[in-house]
Amino acid sequence: MPDSVNIPKPIFEELLAHARDEAPNEACGILAGRNGSVSHIYRVKNGDPNPEIRYLMDNREQLWVQKNMRHNGLELAVIYHSHPKSEAYPSATDIKLAFYPDAAYLLVSLADPARPVARAFRITNGAVREIGYTLI
Ligand SMILES: [Zn+2]
């Protein structure tokens, strides 16, 4: 698996729009594609009881997305979520609940609404490592 991820600009724009739509709550979702190149974005409902400070993908929607990905021959590439008020770095909870070591975790910070910041990480057994992403 390549250690960076290619994200088409329109999908990245859609991801930022999702983050803005959900603010002040955290937005979350999935980017899927093939061979590390993203081709699809799936918004997923944030089912956490405290959506302003945490995210938990709604179970039913996540299952539907996984089914749809399989149907389209897509792989999970990126799990994204937003931090409406804090920096684009995984929180302690994000790290504890990162169950997909092969996925990139993309975080978008809206702390400065005029300048959203996005960073991508891999999270493996509690270890956080920043990886690159390229807008294509
Ligand atoms: Zn977070």
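Which side chains meet in a salt bridge at 3.5 Å, N to O? Asp-48 and Arg-54 do, and I come back to this pair in point 5. Please keep in mind throughout that the model is predicted. Here are my notes, in the order in which I would look at the structure.

1. The zinc site. Let me start with the metal. The zinc ion is coordinated by NE2 of His-81, NE2 of His-83 and, entered twice, OD of Asp-94, with distances of 2.0 to 2.7 Å. Along the chain these donors follow the spacing H-x1-H-x10-D. His-83 belongs to strand β4 (residues 75-83) and Asp-94 to helix α3 (residues 92-96), so this pair links distant parts of the chain, 11 residues apart. Both His-83 and Asp-94 are buried.

2. The geometry of that site. What is the site of the zinc ion like, given its angles? The site is irregular, with angles of 53 to 160° among the four donor atoms. Four donors would count as tetrahedral only if all angles lay between 85 and 135 degrees, and the range of 53 to 160° goes beyond those limits at both ends. For reference, the ideal angle for four tetrahedral donors is 109.5 degrees.

3. The largest pocket. About 260 Å³ of space lies in this pocket. Its lining is made up of Tyr-55, Leu-56, Met-57, Asn-59, Gln-62, Ile-79, Thr-93, Asp-94, Leu-97, Phe-99, Tyr-100 and Tyr-105. Sorted by class, the lining has eight nonpolar, three polar and one charged residues. Helices α2 (59-71) and α3 each supply at least two of the lining residues. Do take a look at Asp-94 here: this residue lines the largest pocket and also coordinates the zinc ion.

4. The salt bridges around Arg-43. The structure holds four salt bridges. In one of them, Arg-43 pairs with Glu-14, and the closest N and O atoms are 2.9 Å apart. Because Arg-43 lies in strand β3 (residues 37-44) and Glu-14 in helix α1 (residues 9-22), this pair ties together parts that are 29 residues apart in sequence. Arg-43 also forms a salt bridge with Asp-21, where the closest N and O atoms are 3.1 Å apart. Asp-21 lies in helix α1 and Arg-43 in strand β3, so this second pair ties together parts that are 22 residues apart in sequence. As for accessibility, Arg-43 counts as partly exposed at 35% and Glu-14 as partly exposed at 29%, whereas Asp-21 counts as exposed at 51%.

5. Asp-48 and Arg-54. Back to the opening pair: the side chains of Asp-48 and Arg-54 meet in a salt bridge at 3.5 Å, N to O. Is Asp-48 buried or exposed? Asp-48 counts as buried, with a relative accessibility of 8%, while its partner Arg-54 counts as partly exposed at 34%. As for the residues of point 4, salt bridges that share partners join Glu-14, Asp-21 and Arg-43 into one network.

6. A cis peptide bond. Ala-23 and Pro-24 are joined by a cis peptide bond, with omega of about 10°. Pro-24 lies in the loop between α1 and β2.

7. A positive phi. Which residue other than glycine has a positive phi, near 45°? The residue is Asn-125, found in the loop between β6 (117-124) and β7 (127-135). Asn-125 counts as exposed, at 81% relative accessibility.

8. Two contacts across the sequence. Pro-101 is found in the loop between α3 and β5 (104-109) and counts as partly exposed, at 42% relative accessibility. Pro-101 and Thr-124 are 5.1 Å apart, C-alpha to C-alpha, with their positions 23 residues apart in sequence. The other pair is Arg-34 and Gly-73, whose C-alpha atoms are separated by 8.1 Å although the residues are 39 apart along the chain. Arg-34 lies in strand β2 (residues 28-34) and is partly exposed, with a relative accessible area of 45%.

Conventions
Residues numbered from 1 in each chain as written. Predicted model: local features only at pLDDT ≥ 70, side-chain atom pairs only at ≥ 80, totals over all residues. Heavy atoms only, no water. Donors = N, O, S within 2.8 Å, 3.2 Å for Na, K, Ca; no water. Tetrahedral: all angles 85-135°; square planar, octahedral: opposite > 155°, others 65-115°. Helix = DSSP H or I, 4+ residues; strand = E, 2+ residues; numbered from the N terminus. Buried < 20%, exposed > 50% of the residue type's maximum accessible area, 1.4 Å probe, protein only. 1 Å grid on protein atoms, 1.4 Å probe; cavity = no way out; pocket = protein on both sides within 12 Å on 5 of 7 lines; lining within 4 Å. Points joined across faces, edges and corners; volume = space filled by probe spheres on them. Nonpolar A, V, L, I, M, F, W, Y, C, P; charged D, E, K, R; others polar.
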